[in-house]
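User: Please take a close look at one part of this model, the strands and the elements that join them, and describe how they are paired and covered.

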Amino acid sequence: MATPALDPARAAALALLAGVLSERMSLADQTAHPKGPFAECAPAERARAQRLATGVLRHLRTCDQMLGPHLRMPPYPAIHNILRLGAYELCALGEAPHGVVHAAVDLARAEDPQSRAPGLVNAVLRKVADLGPALWAAAPPAQLPKPFRKGLVKVWGNKTVIGFEAAHGAGAPLDLTLRDPSEAALWADRLGAVVLPTGGLRLSDAGQVSQLPGYAEGAWWVQDAAASLPARALGPVVGARVLDLCAAPGGKTLQLAAAGAQVTALDISDARVARLRENLARTGLAAEVVIADGLTYAAETPFDAILLDAPCSATGTIRRHPDLPFLRDLSDLSDLTALQAGLLDRAVGLLRPGGRLVFATCSLLPAEGEDQVAAALARHPGLAQVPLSDLAGSAAEWLTDTGALRLRPDFWAERGGLDGFFIAALAKPGYARFGHDSGSGTS
Ligand SMILES: C[S@@+](CC[C@H](N)C(=O)[O-])C[C@H]1O[C@@H](n2cnc3c(N)ncnc32)[C@H](O)[C@@H]1O
């Protein structure tokens, strides 16, 4: 019997799933790889493969719940993933059973023609097709993988984590930051977007980003609404010398440059700096770009302001990176927290007296947020926290007791959610607006 031609997008989705679940490789690394089933797909098939793989990862435990009653024991991983993909397509996407079951059986046959796996896949998915869609619709949000979930529950409690899981299951809209914020209404109209209270735009169903109006001319860049706040927390920066200490791929550098700062954009990663340069070129914005280790970087003149968007667990971005909960171990973050503390100390040293430092992480863990700032204040007498109570577009419930912003994926649920972030502003003794050396104002 001739081997049937496999659907390339489904085959690529399965390769991506195996990469995450068995080899602990991120989707970003896999999709950047020049070889393999994903690389061999046409662009439209790649986009579909990515949608399928991220959908299954987002809802993996619900997929397993749909399959569980029809399996005496989980089959080996390649066949299990074919079943999970089939369950997701049948139940979440509502695709026609005939096509889904057929494709899944072909994939199982290609995987292992001699075994009973194709027959098992056929039998199980036919049963899932009958009742699965109704069960799926009634199912609670899929739980995050157990070890990852445990780390979050320890900090936030079960109820809040269920809120995170609902946001994770719903996925993330596409948020854009405008080069010229005064054109928000114009671009919202052109793109069919809504203007967010933070000033950016939100699209619920974007399609291919590079095909959207304004992309080629650099009128906007992709940036979650939460991620747009740290740069704004520096306050007015027109003419100020600003160091973006962990800058790549550059969303916040672009904001600072667009706001009129003279930006030094520093990052340790060559590959990520290449993306930063591309982003500067596309938007026509300028910054001095430095590839260096922020822990040891020295500058002749101290900076008026510094943004430290530090490397972290990225737990706040799970809505956009559903592979992350399968890859990240939250039980020991000591390397990351030591790096964050070292970068914070270096940033304080590079700041001029009276300058402002914003520390941010896209983390949901206080060890990478509140605790880091408390420890930095203790290590640096005179350093003071500047409350962010007046940051336009932010909500009162986001403000912590000390005046930092603690953003969570379950906030803005009615608008489509928000990435998790921690943002705090610190002032060196003698804090004042740029160009003034005295006073203790917090404007
Ligand atoms: C959260 S990302 C920054 C995102 C960036 N601010 C943006 O808005 O696009 C953290 C960055 O820190 C960089 N990084 C990690 N360790 C570093 C170090 N020791 N010195 C400088 N950059 C570092 C990473 O390469 C990564 O690009």
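Analyst: In this predicted model, strands S2 and S3 pair in the antiparallel sense over 2 bridges, and within that pairing Val194 has Arg202 of S3 as its bridge partner. These two strands belong to an open sheet of 4 strands, in which the order is S2-S3-S1-S4 and the pairing is antiparallel. The edges of this sheet are formed by S2 (194–195) and S4, each of which pairs on one side only.

Strand S1 (residues 174–178) is joined on one side to S3 (residues 201–203), again in the antiparallel sense, over 3 bridges, with Leu176 standing opposite Leu201. The pairing of S1 with S4 (residues 220–222) is likewise antiparallel and is made through 3 bridges, and here Thr177 stands opposite Trp221. Because 5 of the 5 residues of S1 are buried, this strand is largely enclosed by the rest of the structure. In a regular strand the side chains alternate between the two faces of the sheet. In S1, Leu174, Leu176 and Leu178 point one way while Asp175 and Thr177 point the other way, and all of these residues are buried. One direction from S1 is thus taken by leucines, and the other by an aspartate and a threonine.

A second group of strands pairs in the parallel sense, beginning with S5 (residues 241–244) and S6, which are joined over 4 bridges. In this pair, Leu243 has Thr264 of S6 as its bridge partner. Thr264 also takes part in the next pairing, where its bridge partner in S7 is Glu288; S6 and S7 (residues 288–291) run parallel and are joined by 4 bridges. As for its surroundings, S6 is mostly covered, with 5 of its 6 residues buried.

The connections between these parallel strands include helices. S5, H12 and S6 make a right-handed β-α-β unit, and a right-handed β-α-β unit is also made by S6, helix H13 (residues 270–283) and S7. Helix H12 is itself mostly covered, since 7 of its 8 residues are buried; these are Gly251, Lys252, Thr253, Leu254, Gln255, Leu256 and Ala257. Just after H12, Gly260 takes a positive phi of about 100°.

H12 and S6 come up again in the surroundings of the ligand. The ligand is surrounded by 17 residues, of which the closest are Cys246, Gly251, Ser269, Gly294 and Asp309. The elements that give two or more residues to this shell are helix H12 (251–258) and strand S6 (262–267). Gly251 is therefore of interest on two counts, being listed among the buried residues of H12 and also among the closest residues to the ligand. By residue type, the shell divides into 8 nonpolar, 4 polar and 5 charged residues.

For the wider setting, an unreviewed UniProt entry lists residues 136–429 as "domain: SAM-dependent MTase RsmB/NOP-type". In the model, that span is 31% helix and 20% strand, and its end C-alpha atoms lie 57 Å apart.

Definitions and conventions
Residues numbered from 1 in each chain as written. Predicted model: local features only at pLDDT ≥ 70, side-chain atom pairs only at ≥ 80, totals over all residues. Buried ≥ 20, exposed ≤ 12 C-beta atoms within 10 Å, placed from the backbone. Pairing = 2+ DSSP bridges. UniProt positions renumbered as here; feature names shortened; annotations may be inferred. Near = placed C-beta within 6 Å. Nonpolar A, V, L, I, M, F, W, Y, C, P; charged D, E, K, R; others polar. Right-handed = clockwise from strand over helix to strand, strands pointing away.
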